[in-house]
Amino acid sequence: MTETAISKEPVKASEIDPKFKYELSRMHGGEKLLKCFQCGTCTSDCPVARFSDTYRPRTIIHMAQLGLKDRVLNSDTLWLCAACFTCTDRCPQGVEVASVIRVLRNLAAEKGIAPKVFKEQAASILDSGYAYKIPSLRIKKRESQGLPPLPKSNPENVRKALKGVKFLEKIEKEDEQDEQ
Ligand code: SF4
Ligand code: SF4
């Protein structure tokens, strides 16, 4: 995935959505967003930040607090989080950093902004029940090495569950945007 960093262009007043932080604070996982005092512990302990020049959870939280909604939601950087929850465990203010990032990703996905690789993964889960299509050669190799067969997937049940959260409509919306 190409890393599109959060823009560092000077902030214009018109970009700021003052209600954004309150909107996030009302969502599950975002409740403690306003408690962040920018100590940087989340970034210094984040295993992804260690290997990225641009991924900084502290910056994501700061942007969210400042109301820079479009900048955060449009950045591919948001999708680099590995959801390891180290930041959440270490935050001295109890901010659920990983959950705030999940909330931001959900909002981005609702707007149809999600990297292609995640859309492809979603399509694969809907189709086969697996996040990746397992090549038949690999399945044969497992058999030849005496490994047990892969557990049976049930994509129909996955589709039913995702229908309940209108996931299918969101994916279709994203596909339409990709084609434009
Ligand atoms: S560790 Fe917590 S308080 Fe410190 S910058 Fe990260 S979110 Fe904010
Ligand atoms: S959950 Fe995401 S942001 Fe937090 S430490 Fe892990 S990779 Fe970094």
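Reader: What percentage of the 180 residues in the chain is made up of buried residues?
Author: Keep in mind that this is a predicted model. A residue counts as buried when its relative accessible area is under 20%. Across the 180 residues of the chain, the buried share comes to 33%.

Reader: How many helices and how many strands does the chain have?
Author: Walk along from the N terminus and the elements read α-α-α-α-α-α-α-α-α-α-α. So you can forget about strands, as a helix is a DSSP run of H or I and the tally here is zero strands and eleven helices.

Reader: Which element gives the most to the largest nonpolar core?
Author: That core has 31 residues, and Leu24, Ile60 and Leu104 have the most contacts inside it. Two or more residues each come from α1 (20–25), α4 (57–66), α5 and α7. With eight residues, the top giver is α7.

Reader: Which residues does Leu104 touch, leaving out those up to four places away in sequence?
Author: Leu104 is one of the residues with the most contacts inside the largest nonpolar core. As a general trend, nonpolar side chains in soluble globular proteins tend to be buried together. Past its sequence neighbours up to four places away, Leu104 touches Phe20, Leu24, Ile60, Val72, Leu73 and Leu78.

Reader: Is Lys69 buried or exposed?
Author: Lys69 lies in helix α5, which covers residues 69–73. Not counting residues up to four places away in sequence, it touches Asp17, Phe20, Glu23 and Lys111. Its relative accessible area is 19%, and the cut-off is under 20%, so Lys69 is buried.

Reader: And Lys119, is that one buried or exposed?
Author: You'll find Lys119 in helix α8, residues 116–128. Its C-alpha sits 9.5 Å from that of Ala109, with their positions ten residues apart in sequence. The relative accessible area of Lys119 is 9%, and anything under 20% counts, so Lys119 is buried.

Reader: Which residues is Ser124 in contact with, leaving aside neighbours within four places in sequence?
Author: Ser124 is found in helix α8, and its 13% relative accessibility makes it buried. In space, its C-alpha is separated by 9.4 Å from that of Pro155, 31 residues apart along the chain. The contacts of Ser124 outside those four places are Gly129, Tyr130, Ala131, Tyr132 and Lys133.

Reader: How many of the nine residues of helix α9 are buried?
Author: Helix α9 spans residues 136–144 and is hardly covered. After α9 comes Gly146, with a positive phi near 75 degrees. As for buried residues in α9, the count is zero.

Reader: Which residues come nearest to ligand 1?
Author: The shell around ligand 1 splits into eight nonpolar, four polar and one charged residues. One of the nearest, Cys39, counts as partly exposed, at 45% relative accessibility. Out of the 13 residues around ligand 1, the nearest are Cys36, Cys39, Gly40, Cys42 and Cys91.

Reader: What about ligand 2, which residues are the closest?
Author: Here 14 residues surround the ligand, and by class they are 13 nonpolar, one polar and no charged. The helices α3 (47–50), α6 (86–90) and α7 (97–110) each supply at least two residues of this shell. One of the closest, Cys46, is buried at 10% relative accessible area. The closest residues to ligand 2 are Cys46, Tyr55, Cys81, Cys84 and Cys87.

Reader: With cysteines like those, how many disulfides does the structure hold?
Author: A disulfide needs a pair of cysteine sulfur atoms within 2.5 Å. Cysteines do turn up among the residues nearest to ligand 1 and among the closest to ligand 2. Still, the number of disulfides in the structure is zero.

Reader: What is phi of Phe85 near?
Author: Phe85 is found in the loop between α5 and α6, and it is partly exposed, with a relative accessible area of 37%. Ala83 is found in the loop between α5 and α6 too, with a positive phi near 55 degrees. Phe85 also has a positive phi in a residue other than glycine, and the value is near 70 degrees.

Note on methods. Residues numbered from 1 in each chain as written. Chains lettered and ligands numbered in written order. Predicted model: local features only at pLDDT ≥ 70, side-chain atom pairs only at ≥ 80, totals over all residues. Heavy atoms only, no water. Near = heavy atom within 4 Å. Helix = DSSP H or I, 4+ residues; strand = E, 2+ residues; numbered from the N terminus. Nonpolar A, V, L, I, M, F, W, Y, C, P; charged D, E, K, R; others polar. Buried < 20%, exposed > 50% of the residue type's maximum accessible area, 1.4 Å probe, protein only. Contact = heavy atoms within 4.5 Å. Core = buried A, V, L, I, M, F, W, Y, C linked by side-chain atoms within 4.5 Å.
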